[in-house]
2 protein chains.
Amino acid sequence: MARQKVSGPTDKELTILGILWNNGPSTVRQVNEEMGKQERTGYTTTLKLMQIMTEKGLVVRDDSKFQHVYKPAVSEENTQKQVVGNLLEKVFSGSAEKLVMRALSAKKVSAKELAKIRKMLDEMEGK
Amino acid sequence: MARQKVSGPTDKELTILGILWNNGPSTVRQVNEEMGKQERTGYTTTLKLMQIMTEKGLVVRDDSKFQHVYKPAVSEENTQKQVVGNLLEKVFSGSAEKLVMRALSAKKVSAKELAKIRKMLDEMEGK
DNA sequence: TTAATTATACGAATTTTTTCGTTGACTATA
DNA sequence: TATAGTCAACGAAAAAATTCGTATAATTAA
């Protein structure tokens, strides 16, 4: 017995989606190499993962050619929003402020980026 | 065969840690009830989860009384930073700006909170 | 004190996630 | 065309995450 239903992509699946969003449509090999930069993974492992993601409808596959090409089937925006939303409720008791604080402390952010964020805040308050 | 090593708390574990950070030291029942607000879970399931977390050192248990009381053994700050850091790299290709954007769009944020965030930005920029 | 209630301990079953080996098809090239 | 290299399909499995049933101990109520 285990989980019952919902919940989005798994950890690895999210990693793969991230790569596809970033690099555009890719073959298994390309994705596998990108993954390898963090933590080596066998080719067939990545392949299987992507086949399962296809079944789940997380990605779509163009198999008209010898080398199948995969691309995301879920939007970057919605998926990210969903993942962040979950984290927000689960770990930050709904406080976006706290989450933002951690995000900014988890990584050095350039002044340019800070400026963009500030502009975003302005727009939000812009009513 | 499966995962090889690292990675922090699992999803459910994170949920439990979140509850403990928020509500302070709690019994299994208290945690279980809190969890139930989202998705019903059997008492023994929650118990088992917390026992495992004790083994992993994620929480510590005071079993001097009949009702064992659990409290977090990992800091809220470090854990949150780690989780957010992971997400940042994996899903947002390291862009804190993007993550912040999603966080703000995932949830309505009060003007007061926005102000706090802005203040935080000011401090980050130094001066 | 006995019965009912509440808790924890254990063990095990289930699901899900992750990981690969093997096989056979396809491709480019010597 | 023979050969080596690349790739996807499959099936199996190990590992990890979840979920509970059952047994037993402690506590409380009658």
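These questions and answers concern helix α4 of chain A and the serine that follows it, in a predicted model.

Me: How do you know that α4 of chain A has the length expected of a helix with 17 residues?
Reply: Helix α4(A) covers residues 76-92 and reaches 22 Å from its first C-alpha to its last. At 1.5 Å a residue, 24 Å is expected, and the value found is close to that.

Me: What makes the buried residues of α4(A) line one face of the helix?
Reply: The buried residues are A:Thr79, A:Gln80, A:Val83, A:Val84, A:Leu87, A:Val91 and A:Phe92. Seen down the axis, they fall within an arc of 130 degrees, so they line one face. On the other side of α4(A), A:Glu77 and A:Asn78 are exposed.

Me: What covers the buried residues of α4(A)?
Reply: The cover includes α1 (11-23) and α5 (96-106) of chain A. It also includes α1 (11-23), α4 (76-92) and α5 (96-106) of chain B.

Me: Why is A:Ser93 called partly exposed?
Reply: A residue is buried at 20 or more other C-beta atoms within 10 Å and exposed at 12 or fewer. A:Ser93 has 13 C-beta neighbours inside 10 Å, so it counts as partly exposed. A:Ser93 lies in the loop between α4 and α5 of chain A.

Me: What is worth noting about the phi of A:Ser93?
Reply: Most residues other than glycine have a negative phi. Phi of A:Ser93 is near 40 degrees, a positive value, and the residue is not glycine.

Me: Which phi does B:Ser93 have?
Reply: B:Ser93 has a positive phi of about 40 degrees. B:Ser93 is found in the loop between α4 and α5 of chain B.

Methods: Residues numbered from 1 in each chain as written. Chains lettered and ligands numbered in written order. Predicted model: local features only at pLDDT ≥ 70, side-chain atom pairs only at ≥ 80, totals over all residues. Helix = DSSP H or I, 4+ residues; strand = E, 2+ residues; numbered from the N terminus. Expected span 1.5 Å × (residues − 1). Arc of directions from axis to C-beta. Contact = placed C-beta atoms within 7 Å.
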